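Visitor: Please choose one strand of this model and describe it closely, together with what surrounds it. I would like the cut-offs behind each term as well.

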Amino acid sequence: MIDIHCHIDFKDFNKNRAEVLQRARKSLSAIINSGATLEGNRRALKLSQENKGFVYPTFGFHPVNSYKAELKVLEEVITEIDQNIEYAVALGEAGMDYHHVKDSKSRRRQEKIFERFAVLAVEYELPLIIHARDAEEKALEIVKKFHSIPEVIFHCYSGSMETAQKILDEEYYLSFSTMVCFSKHHQKLVADIPLKNVLTETDSPYLSPFKGKKNEPSFVEEAVNKIAQIKDKKPSQIDKITEKNAKKVFGI
Ligand SMILES: [Zn+2]
């Protein structure tokens, strides 16, 4: 089992990070920790070095942070990615968020920065992890221009089935978070999406399957169990397929 997207570098885990990692090691074979800011990328790298062969970093700039960043900070993010690229298993998260960002100038800036990451994914031949919220069509339209990105992952996909179909037509991946445990919309999506394009994640500390409890990587099992139930398969079958997908996508 692999949690392909989480943020255990966040300060939410400052008090119990070691325990969270210990619990994860019991049931998971790997964790992909995505950087969302300049500092986040640094923390993701550090965590991966402290947990070699278990925590893998990706470097990005979350669209809710990126559009308001000073140019200097953006350049710093890119420079550090260039310097540390050998450790990255993917780029991202990067993308488009129309839910949090409404004005067109800010959206335009998000788009520019997202394109910058797409270019990096091409240059370094690395997968790209996309955050798209209320902007799935737009993100797809942009990423499609970059044919040579080896793998594209729409993390915590929450868009329509119609857009999901277009994503599948490109042979990209859709990652389902623990949200599938309680969201009818995600359950419907999973029912119609072939397992060969499915990945699993928690997006910890967000989207907990348990009310009042912070999400953590070991809870990815809840997503696997729910997908199994929806697909009328055994959890072990879902685990086998999604883990194989993750290993192939990230080369781990
Ligand atoms: Zn995230």
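Guide: In strand S4, Leu-91 is the bridge partner of Phe-59, and this pairing is a good place to enter a model that is predicted, in which local features need pLDDT of at least 70, side-chain atom pairs count only at pLDDT 80 or more, and totals for chains, interfaces and linings use all residues. Residues are numbered from 1 along each chain as its sequence is written. S4 covers residues 90-97, with strands (E, at least two residues) and helices (H or I, at least four) taken as DSSP runs numbered from the N terminus.

On one pairing, S4 runs parallel to strand S3 (residues 55-59), to which two bridges join it; strands pair if DSSP finds at least two bridges between them. On another, five bridges join S4 to strand S5 (residues 128-133), again in parallel, and here Ala-94 stands opposite Ile-130 of S5. Eight of the eight residues of S4 are buried, leaving the strand mostly covered (buried: 20 or more other C-beta atoms, placed from the backbone, within 10 Å of the residue's own; exposed: 12 or fewer; partly exposed in between).

The wider setting is an open sheet of eight strands, paired in parallel in the order S1-S2-S3-S4-S5-S6-S7-S8. Its edges are S1 and S8 (198-200), each with a single partner strand, so one side of each is left without a neighbour in the sheet. Ignoring direction, neighbouring strands of this sheet are turned against each other by 30 degrees on average. Against the sheet packs helix H5, which touches S4 and S5 and whose direction makes about 155 degrees with that of S4 (contact: C-beta atoms, placed from the backbone, within 7 Å; angles run from 0 to 180 degrees between N-to-C directions of axes fitted to C-alpha atoms, for helices over the stretch in contact).

H5 spans residues 104-124 and, with S4 and S5, makes a right-handed β-α-β unit, meaning that, with the strands pointing away from the viewer, the path from the first strand over the helix to the second runs clockwise. A right-handed β-α-β unit is also made by S1, helix H1 (residues 17-27) and S2, where three bridges join S1 to the parallel strand S2 (residues 30-34) and Asp-3 stands opposite Ile-31. Five of the five residues of S1 (residues 2-6) are buried, so this edge strand is largely enclosed by the rest of the structure. Towards the S8 edge, S7 (residues 173-176) and S8 pair in the parallel sense over three bridges, with Val-198 as the bridge partner of Leu-174.

How values were computed: Two residues are in contact if their C-beta atoms, placed from the backbone, lie within 7 Å.
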